Amino acid sequence: MKHSPRKTSSPRGFTLTELLIVIAIIAVLASLATTAAINAMNRAKTTRVALEIKELERALLTFKEDNGTLPPNSLTPIGAGPNDAPVNAVRNDVRRVVKKLFPRINANEAQIVEYLIGATNVPGTSPEGGISAGEALVFWLGGFSQDEQFPISGSSGPSFVVGDQEIIENRGFDDVIDVTRLGPRENGQFSGRFILYEDPRDSSIERRINLWMYYPATSVQPYLYFDVSKNKPSDRATSGSNISYAYPLQSPADPNATTPEFIAALKRPLETTTTSTPSLAQTKYANQGKFQILHAGLDDAWGEANKWAAVAQENSPLLFPEGPFTGDIADTLTNFTQGTLEAEQE
């Protein structure tokens, strides 16, 4: 009796529906993995900037320990006259610090104060509005010449003879600052604001100070420094009805911009304030009595950090820690918060 050969069934393939389900699952898993990776990288970048802010904070505290004072702000109201009250207040503050740092400074060298505050009544070139919050951080932490009479114009000081090449590495920068991340640069060359002035020892020689700023490795926005150890937001108000100079510390993040965005030092209401919209006189600076270091955060956008700019009162001022800190300002990082402004708000 013959037996017919046993038939073997061929393996069943995936149906189109099953294939689509598998592809969809893989896509979802890939998306989750990509999102997790991006979030991890963003957290790492934010943590890196926050750590650098703490390092800069330590450098500024060391500066204070060594010199008995914090680096001054040189910010003055753009458009103010050379002897207006707020300009004189800044001039006297910077002059005091310069004298404290360099007690044997030559009288002609001491005139650098006028250039730092952007005075318009001196020959040469002064930066409008004084050196900015980003420029001040580098200028004061960058080290000075060992020449006690000419700390600015002396060897290894922050200035150099026009026509010579600046060797930025020769300055005594604190180890915290990586000189390769100083800017702004264009094609590798400095492209920011600068000061031009006559050499205090020889008026036929012109000297230049490049006003560098310091940037995180992954950012196009610099770190900003505000000295809030001396003045309250209302200290610089003029008398009478003119409130145009009753301004909080504010600085362009990018002074080279055609229409620079002005960033103000963050303020908080006084403990005695009961109104929802306090006046300027009812506020103090966040970290009052010390200093602020700010960075725009992961998105490289400042948002409404400059909302309370040059007037005594706004309808809805952004005050720390209430905020509300949303949008571009939410991820702003500071030296007086553990994380972002968004994470700190009440």
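Analyst: Let's start with a word we'll need: a residue is buried when its relative accessible area is under 20%, exposed when it is over 50%, and partly exposed in between (1.4 Å probe, protein chains only). This is a predicted model, where local features need pLDDT of at least 70 and side-chain atom pairs count only at pLDDT 80 or more, while totals for chains, interfaces and linings use all residues. Residues are numbered from 1 along each chain as its sequence is written, and side-chain values use heavy atoms, with hydrogens and water left out.

User: Why is I329 called buried?

Analyst: Its relative accessible area is 3%, which is under 20%, so the word fits. I329 sits in the loop between β13 (291-295) and β14 (333-334).

User: What makes α1 a helix, and how does its reach match the expected one?

Analyst: A helix is a DSSP run of H or I with at least four residues (a strand is a run of E with at least two), numbered from the N terminus. Helix α1 (residues 16-67) has 52 residues, so it qualifies. Its first and last C-alpha atoms are 76 Å apart, close to the expected 76 Å; the expected span is 1.5 Å times one less than the number of residues.

User: Which residues of α1 are buried, and what covers them?

Analyst: Among them are V49, I53, L56 and F63. Their cover includes α2 (85-101), α4 (133-141), β13 and β14, where contact means heavy atoms within 4.5 Å.

User: How do you know that β1 and β6 pair?

Analyst: Pairing needs at least two DSSP bridges; β1 and β6 (residues 202-210) have three, so they pair, in the antiparallel sense. Within that pairing, V161 stands opposite R207 in β6.
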